[in-house]
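Dear colleague,

I am handing over the structure below, and after it you will find my notes on what turned up when I went through it. Please read them with the sequence and the coordinates open beside you.

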Amino acid sequence: MIGRRNFIAALLAGSVVPRLSWADAGSPAILGAAREEDGGYALFGIAADGSDCFRIPLPARGHAAAAHPSAPEAVAFARSPGRFAVVLNCVTGEVLARLVAPEGRHFYGHGTFIADGDILCTSENDFGTGQGRIGLWSRSEDWRRVGEIPTHGVGPHEIKHLPGDILVAANGGYRNHPDRPGVKLDVSEMRPNLAYVSPDGELLEKVELDEELRLNSIRHIALGRDGLVAFGMQWQGDPALGMPLMGLHRRGEAAVLDRMPVYEAVAMRGYVGSIAFDAERSRVAISSPRGGRVQVFDETGRHLRAIEREDVCGIAPAPRGFFLSDGLGGLMRAGEALHPLAKHRGRAWDHHLVPVMT
């Protein structure tokens, strides 16, 4: 009997090419990159029950991905500071394009689509000047780089888009260099910010925290209801201080920081690896693989609960809760209780789970 992938490949070889959807890729709920038992790396499409929908090899360690809003395509990014991103057909496994950061740039491991999925935006570092950039790549022009705009800050990690294709950039405040992976440069001069940027690069609004929090690197973003933006931070000072690690912001208003108990903030060890709202967008969660903790808050920043799980990091929206992943191969759904979904021995999930909007 002909398999699904062979059937699709046969259709693609014919004169009539149907418009494919995420259903043709097995209807994944989330995407996740992982290291496998043999030391290789792959991007996985994962169903709501934790089973694999597809597996596509990656050239090196992946970090996050950008899922196209309608076509079954994903862009998998190298771990920061990386130089590659690969565009994948998630039905056939074909590599549609290999994106290379321009000379003097590196990717930060995240991206998002605007213009109804025609333009891919990538967070980048100009490591000559230290300024953050957003690269613009055209899907309809065979993934040609068609421009770039500033992030209005240093060290942009995650970027998201709001209605009207307004981009939100988490400018972490310090630089990286691909020749010195893992080294944080210019920490003493950090000025992190959350920047709202128009598609043509105009700064619409910039949010900076108080001076005593300037070592709180803004790294990750999740989008809630009515323009609410949640941001996760990584404290570059003494983690025993138990500083706030999550903030909430709406344009035109002041940022609100989390009200996590100090003992839970200390347990996070100053580190947020991922952030997400639940499917209803009424609760937001942050993770710390260093602390083995997930903290859940309501839309006002009020702390609701803590979840303990060794090396937990990936978070994505799930019905009435969150999908979680860890570096030990575990996939879970966290609602009122923690429900194991799958345990993939020999598989180490990377830091992010990416929702697929179908």
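**Aromatic pairs**

By the ring-pairing rule, the count of aromatic pairs comes to four. Please keep in mind throughout that this is a predicted model.

In one of these pairs, the ring centres of Phe44 and Trp349 lie 5.6 Å apart and their planes meet at 75°, and because planes over 60 degrees apart count as edge-to-face, the pair belongs to that class. This pair links distant parts of the chain, since Phe44 sits in strand E2 (residues 41–46) and Trp349 in strand E28, 305 residues apart. Phe44 has a relative accessibility of 0% and counts as buried, and Trp349, with a relative accessible area of 5%, is buried as well.

Another pair is formed by Phe77 and Phe107, whose ring centres are 6.2 Å apart and whose planes stand at 70°, so that this pair, too, is edge-to-face. Phe77 lies in strand E5 (residues 73–78) and Phe107 in strand E8, so the pair ties together parts of the chain that are 30 residues apart in sequence. Both rings belong to buried residues, with a relative accessibility of 1% for Phe77 and 0% for Phe107. Ring pairs also join Phe77 and Phe107 with Trp137 into a cluster.

Phe44 has a further partner of another kind: Arg347 lies over the face of its ring, at 3.8 Å from the ring centre.

**The largest pocket**

The largest pocket holds about 1200 Å³ of space. It is lined by 46 residues, of which Lys160, His161, Leu223, Pro355 and Met357 are the closest to its centre. By class, the lining of this pocket divides into 30 nonpolar, ten polar and six charged residues. Several strands each supply at least two residues of that lining, among them strand E8 (105–114), strand E12 (156–162), strand E16 (216–223) and strand E28 (348–355). Two of the strands met above therefore return here, because strand E8, which carries Phe107, and strand E28, which carries Trp349, both contribute to the pocket lining.

**The cavity**

Where does the structure hold enclosed space, and which residues line the largest cavity? There is one cavity of 30 Å³ or more, and the largest cavity has a volume of about 30 Å³. Its lining consists of Arg191, Pro192, Glu208, Leu209, Leu213 and Arg214, which by class gives three nonpolar, no polar and three charged residues.

With best wishes

Definitions and conventions: Residues numbered from 1 in each chain as written. Predicted model: local features only at pLDDT ≥ 70, side-chain atom pairs only at ≥ 80, totals over all residues. Heavy atoms only, no water. 1 Å grid on protein atoms, 1.4 Å probe; cavity = no way out; pocket = protein on both sides within 12 Å on 5 of 7 lines; lining within 4 Å. Points joined across faces, edges and corners; volume = space filled by probe spheres on them. Helix = DSSP H or I, 4+ residues; strand = E, 2+ residues; numbered from the N terminus. Nonpolar A, V, L, I, M, F, W, Y, C, P; charged D, E, K, R; others polar. Phe/Tyr/Trp six-rings, centres within 6.5 Å; stacked < 30°, edge-to-face > 60°. Buried < 20%, exposed > 50% of the residue type's maximum accessible area, 1.4 Å probe, protein only. Lys NZ or Arg CZ within 6 Å of the ring centre and 35° of its normal.
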